[in-house]
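Trainee: I should like to go through this structure with you, step by step. May I put my questions in turn?

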Amino acid sequence: MTQTQRLLYMIDYLIHERADQEEIAVPADEAARKQLLRVLMNLRPPKPVSKEFLTMPFIPPQACSCGWNVPAL
(Lines give C-alpha, C1' and ligand atoms only; values in the text may rest on other atoms or scores of the structure.)
Protein backbone atom coordinates (compact mmCIF):
# COMPACT_ATOMS: atom_id res chain seq x y z
CA MET A 1 0.00 0.00 0.00
CA THR A 2 1.47 3.36 -1.00
CA GLN A 3 1.37 6.46 1.15
CA THR A 4 -1.33 7.95 -1.13
CA GLN A 5 -3.45 4.80 -0.88
CA ARG A 6 -3.10 4.81 2.89
CA LEU A 7 -4.14 8.48 3.07
CA LEU A 8 -7.21 7.82 0.90
CA TYR A 9 -8.14 4.77 2.97
CA MET A 10 -8.00 6.73 6.24
CA ILE A 11 -10.03 9.61 4.76
CA ASP A 12 -12.63 7.20 3.38
CA TYR A 13 -12.85 5.37 6.72
CA LEU A 14 -13.38 8.58 8.69
CA ILE A 15 -15.91 10.00 6.22
CA HIS A 16 -18.05 6.87 6.21
CA GLU A 17 -17.78 6.34 9.95
CA ARG A 18 -20.41 9.02 10.56
CA ALA A 19 -23.58 9.38 8.50
CA ASP A 20 -23.47 13.20 8.51
CA GLN A 21 -20.04 13.25 6.80
CA GLU A 22 -20.90 11.12 3.76
CA GLU A 23 -21.26 14.13 1.45
CA ILE A 24 -17.67 15.34 1.89
CA ALA A 25 -15.73 15.50 -1.38
CA VAL A 26 -12.14 14.26 -1.35
CA PRO A 27 -9.83 16.82 -3.00
CA ALA A 28 -7.47 15.85 -5.82
CA ASP A 29 -4.53 17.79 -4.33
CA GLU A 30 -2.43 15.76 -1.85
CA ALA A 31 -1.85 18.73 0.47
CA ALA A 32 -5.60 19.33 0.63
CA ARG A 33 -6.17 15.62 1.33
CA LYS A 34 -3.74 15.77 4.26
CA GLN A 35 -5.59 18.81 5.59
CA LEU A 36 -8.93 17.01 5.23
CA LEU A 37 -7.55 14.00 7.14
CA ARG A 38 -6.38 16.28 9.92
CA VAL A 39 -9.79 17.98 10.12
CA LEU A 40 -11.62 14.63 10.18
CA MET A 41 -9.34 13.31 12.94
CA ASN A 42 -9.80 16.47 15.01
CA LEU A 43 -13.60 16.32 14.69
CA ARG A 44 -13.82 12.61 15.50
CA PRO A 45 -14.93 11.83 19.04
CA PRO A 46 -12.64 9.50 21.01
CA LYS A 47 -13.90 5.97 20.44
CA PRO A 48 -12.45 2.66 19.23
CA VAL A 49 -11.60 2.15 15.56
CA SER A 50 -11.82 -1.06 13.57
CA LYS A 51 -9.09 -3.68 13.56
CA GLU A 52 -8.61 -3.05 9.82
CA PHE A 53 -7.83 0.62 10.49
CA LEU A 54 -5.26 -0.28 13.15
CA THR A 55 -3.58 -3.06 11.15
CA MET A 56 -3.18 -1.11 7.94
CA PRO A 57 0.21 -1.85 6.30
CA PHE A 58 3.01 0.21 7.83
CA ILE A 59 4.96 2.60 5.60
CA PRO A 60 8.67 2.39 6.57
CA PRO A 61 10.38 5.69 7.49
CA GLN A 62 12.51 5.61 4.32
CA ALA A 63 9.32 5.64 2.21
CA CYS A 64 7.86 8.67 4.00
CA SER A 65 8.20 11.81 1.90
CA CYS A 66 6.69 14.10 4.53
CA GLY A 67 10.05 15.38 5.72
CA TRP A 68 9.29 14.54 9.36
CA ASN A 69 11.69 12.67 11.58
CA VAL A 70 9.76 9.38 11.65
CA PRO A 71 11.23 6.91 14.16
CA ALA A 72 11.82 3.32 13.05
CA LEU A 73 9.78 0.69 14.87
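The exchange below goes from the overall fold to the core and then to a single residue.

Trainee: Which order of elements does the protein chain show from the N terminus on?

Mentor: This is a predicted model. Its secondary structure comes to three helices and zero strands. From the N terminus on, the elements therefore read as helices in succession, and the order is α-α-α.

Trainee: What share of the contacts in the protein chain with a separation of 6 or more comes from residues 24 or more positions apart?

Mentor: The protein chain has 73 residues, of which 22% count as buried. About 5500 Å² is exposed, with carbon and sulfur atoms supplying 58% of that area. Among contacts with a separation of 6 or more, the share from residues 24 or more positions apart is 60%.

Trainee: What span should helix 1 have, at 1.5 Å a residue?

Mentor: Helix 1 covers residues 3-17, which is 15 residues. The expected span is 1.5 Å times one less than the number of residues. The end C-alpha atoms of helix 1 are 21 Å apart, in agreement with the expected span of 21 Å.

Trainee: Which element gives the most to the largest nonpolar core?

Mentor: The core has 11 residues in all, including Leu36, Leu37, Leu40, Phe53 and Met56. Two elements give two or more residues to this core, namely helix 1 and helix 2. With six residues, the element that gives the most is helix 1.

Trainee: What covers the buried residues of helix 1?

Mentor: The buried residues in helix 1 are Leu7, Met10, Ile11, Tyr13, Leu14 and Ile15. In soluble globular proteins, nonpolar side chains tend to be buried together. The cover over the buried residues of helix 1 includes helix 2 and helix 3.

Trainee: Which residues do ring pairs link into a cluster?

Mentor: Rings pair if their centres lie within 6.5 Å. The count by this rule comes to two aromatic pairs. The cluster consists of Tyr9, Tyr13 and Phe53.

Trainee: Is Arg44 buried or exposed?

Mentor: Arg44 is placed in the loop between helix 2 (30-43) and helix 3 (51-54). Buried means under 20% relative accessible area. Because its relative accessibility is 17%, Arg44 counts as buried.

Trainee: With the side chain of which residue does the side chain of Arg44 make a polar contact?

Mentor: Leaving aside neighbours within four places in sequence, Arg44 is in contact with Leu14, Glu17 and Val49. A polar atom of the Arg44 side chain also lies 3.0 Å from the backbone oxygen of Lys47. The side-chain to side-chain polar contact of Arg44, at 2.8 Å, is with Glu17.

Conventions. Residues numbered from 1 in each chain as written. Predicted model: local features only at pLDDT ≥ 70, side-chain atom pairs only at ≥ 80, totals over all residues. Heavy atoms only, no water. Helix = DSSP H or I, 4+ residues; strand = E, 2+ residues; numbered from the N terminus. Buried < 20%, exposed > 50% of the residue type's maximum accessible area, 1.4 Å probe, protein only. Polar contact = N/O pair within 3.5 Å; in protein donor to acceptor, adjacent residues only side chain to side chain. Contact = heavy atoms within 4.5 Å. Phe/Tyr/Trp six-rings, centres within 6.5 Å; stacked < 30°, edge-to-face > 60°. Areas by Shrake-Rupley, 256 points an atom, 1.4 Å probe, with all protein chains shown as cover. Core = buried A, V, L, I, M, F, W, Y, C linked by side-chain atoms within 4.5 Å.
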